[in-house]
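The following exchange examines a single molecular structure through a series of questions. Each answer closes on the value or name requested.

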Amino acid sequence: MHDRAMPGVQGLTPYAPGKPVEELERELGIRNIIKLASNENPLGASPLAHEAAIAAMAELSRYPDGNGHALRQALALKHDIEAKRIVLGNGSNDVLELVARAFLGPGRNAVFSDYAFAVYPIVTQAVGAELRVAEATSAESEMPLAHDLEAMLAHVDGDTGVVFIANPNNPTGTWLTAQAIEAFLQAVPDHVVVVLDEAYFEYMLPTLRCDSRALLERHSNLLVTRTFSKVYGLAALRVGYGLTSDSIADLLNRVRQPFNNNSAALAAAQASLADAEHINRSVAMNDAGKSQLEAGLLGLGLRVLPSQANFLAFDLGKPGQPVFDAMLHEGIILRPLASYRLVDYLRVTIGTHEENKRCIEALGRVLQAQAA
Ligand SMILES: *Cc1c(COP(=O)(O)O)cnc(C)c1O
């Protein structure tokens, strides 16, 4: 049936997720595995979220609230925005797909940066739209391998449906200044939907954050996406959302599945919003862990990309795959970046102090063994 699939789908490569712990246990028969591959919160979710998810299990025979009313009310309060301007997704991935289905298709194009989040090309190509990949900043630049918004703007034309911007970006961790984002929004034509993907927003230094909430008032073509998968520690439940204009929200809701968030997910996400302390603790732990891991990587003579997220991408100066494989035998799951054409790079999620320590020690052994 391959030839019967739509042309965009025929050319797709499935998203390669981080290797699950259970899979490595099965393959190598080892224990005490640390997964630092998917930018999950090493502290897990708030206990309030756990309790809420378990309580929701009492009503398994009922459909969830298809409008996610209670969660959207809570988010409306958090962001000081009307609830009708919030679109819930099964993870923010779902919101990215809704945008593609509403605004992209044959004859349209989507613009994004080289080394940007892998889901942008997938959702674009799946609906038959053209991919326009803008060159990233150079590896020698002060902000290396990052989005170059001027280069992205140069790819925009009358057929551009969507521009995807990740800030900070995954897998690089690099970020854009608030001024650069603002200037881009001023310059881009109004017919283009600009997606500002802020999956790692909470990890950014407050002084480096862009005020996306204020930008939403000035730009009705802006869609800001956020997620409960990263600092909120709810990746398993799949909840994300978009903040946008009435008009875009209305269009996304037309293509959204009626029950795209399950009851446990809705309840846990809402409950997690009440635990600001958990978020503060998670961010503080990430800040400390980032310094620890960065120092460790630099100590091993590796080049580390600047990051405002909960992971670091680093350059081994030689192919990353053999190092990734050897680290698996040490019981540590990192993320290879060859699928991003960053063949010499690996990405590591910032873990607990102990996890980071084990990771650096193991990496030191692996690099020494491979140099011998
Ligand atoms: C992890 C991530 C997301 C969030 O995905 P979910 O579907 O919400 O789990 C979105 N964008 C980027 C850039 C990410 O790294």
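Q: What volume does the largest cavity have?
A: The model is predicted. A search of the whole structure finds 2 cavities of 30 Å³ or more. The largest cavity has a volume of about 60 Å³.

Q: Which helix gives the most to the lining of the largest cavity?
A: The residues lining the largest cavity include Glu40, Asn41, Pro42 and Leu43, and also Ser282, Met285 and Asn286. Helix 12 spans residues 276–299 and supplies 3 residues to this lining. The element that gives the most is therefore helix 12.

Q: How many charged residues does the lining of the largest cavity have?
A: Among the lining residues of the largest cavity are Glu40, Tyr203, Asn310, Thr349, Ile350 and Gly351. By class, 5 residues of this lining are nonpolar and 6 are polar. Asp, Glu, Lys and Arg count as charged, so Glu40 belongs to that class. The number of charged residues in the lining is 1.

Q: How much space lies in the second largest cavity?
A: The second largest cavity is lined by residues including Asp65, Gly66, Asn67, Gly68 and Leu88, together with Arg256 and Pro258. By class, its lining has 4 nonpolar, 5 polar and 2 charged residues. The space in the second largest cavity is about 40 Å³.

Q: Which residue has a polar side-chain atom 2.7 Å from a nitrogen atom of the ligand?
A: The residues surrounding the ligand include Ser92, Asn93, Phe117, Asp197, Tyr200, Thr227 and Arg238. By class, this shell has 3 nonpolar, 6 polar and 3 charged residues. The polar side-chain atom lying 2.7 Å from a ligand nitrogen belongs to Asp197.

Q: What percentage of the ligand's accessible area does the protein cover?
A: An N or O atom in the side chain of Tyr200 is 2.6 Å from an oxygen atom of the ligand. For the side chain of Arg238, an N or O atom is 2.7 Å from a ligand oxygen atom. On its own, the ligand has 390 Å² of accessible area, and the share covered by the protein is 94%.

Q: Which strands are the edge strands of the open sheet with the order 9-10-13-12?
A: This open sheet has 4 strands, with antiparallel pairing. Each edge strand pairs on one side only. The edge strands are strand 9 (303–304) and strand 12 (335–336).

Q: Which residue of strand 13 stands opposite Arg335?
A: Strand 12 covers residues 335–336, and strand 13 covers residues 345–349. The two strands pair in the antiparallel sense over 2 bridges. The residue of strand 13 opposite Arg335 is Arg347.

Q: What is the approximate omega of the cis peptide bond from Asn170 to Pro171?
A: The loop between strand 5 (160–166) and helix 8 (178–187) holds Pro168, which is joined to Asn167 by a cis peptide bond with omega of about -5°. Pro171 is found in the loop between strand 5 and helix 8 as well. Asn170, one of the residues surrounding the ligand, is joined to Pro171 by a cis bond with omega near 20°.

Q: Where is Asn39, which has a positive phi, found?
A: Asn39 is not a glycine, yet its phi is positive at about 55°. Strand 1 covers residues 34–35 and helix 3 covers residues 47–56. Asn39 is found in the loop between strand 1 and helix 3.

Methods. Residues numbered from 1 in each chain as written. Predicted model: local features only at pLDDT ≥ 70, side-chain atom pairs only at ≥ 80, totals over all residues. Heavy atoms only, no water. Near = heavy atom within 4 Å. Polar contact = N/O pair within 3.5 Å; in protein donor to acceptor, adjacent residues only side chain to side chain. Areas by Shrake-Rupley, 256 points an atom, 1.4 Å probe, with all protein chains shown as cover. 1 Å grid on protein atoms, 1.4 Å probe; cavity = no way out; pocket = protein on both sides within 12 Å on 5 of 7 lines; lining within 4 Å. Points joined across faces, edges and corners; volume = space filled by probe spheres on them. Pairing = 2+ DSSP bridges.
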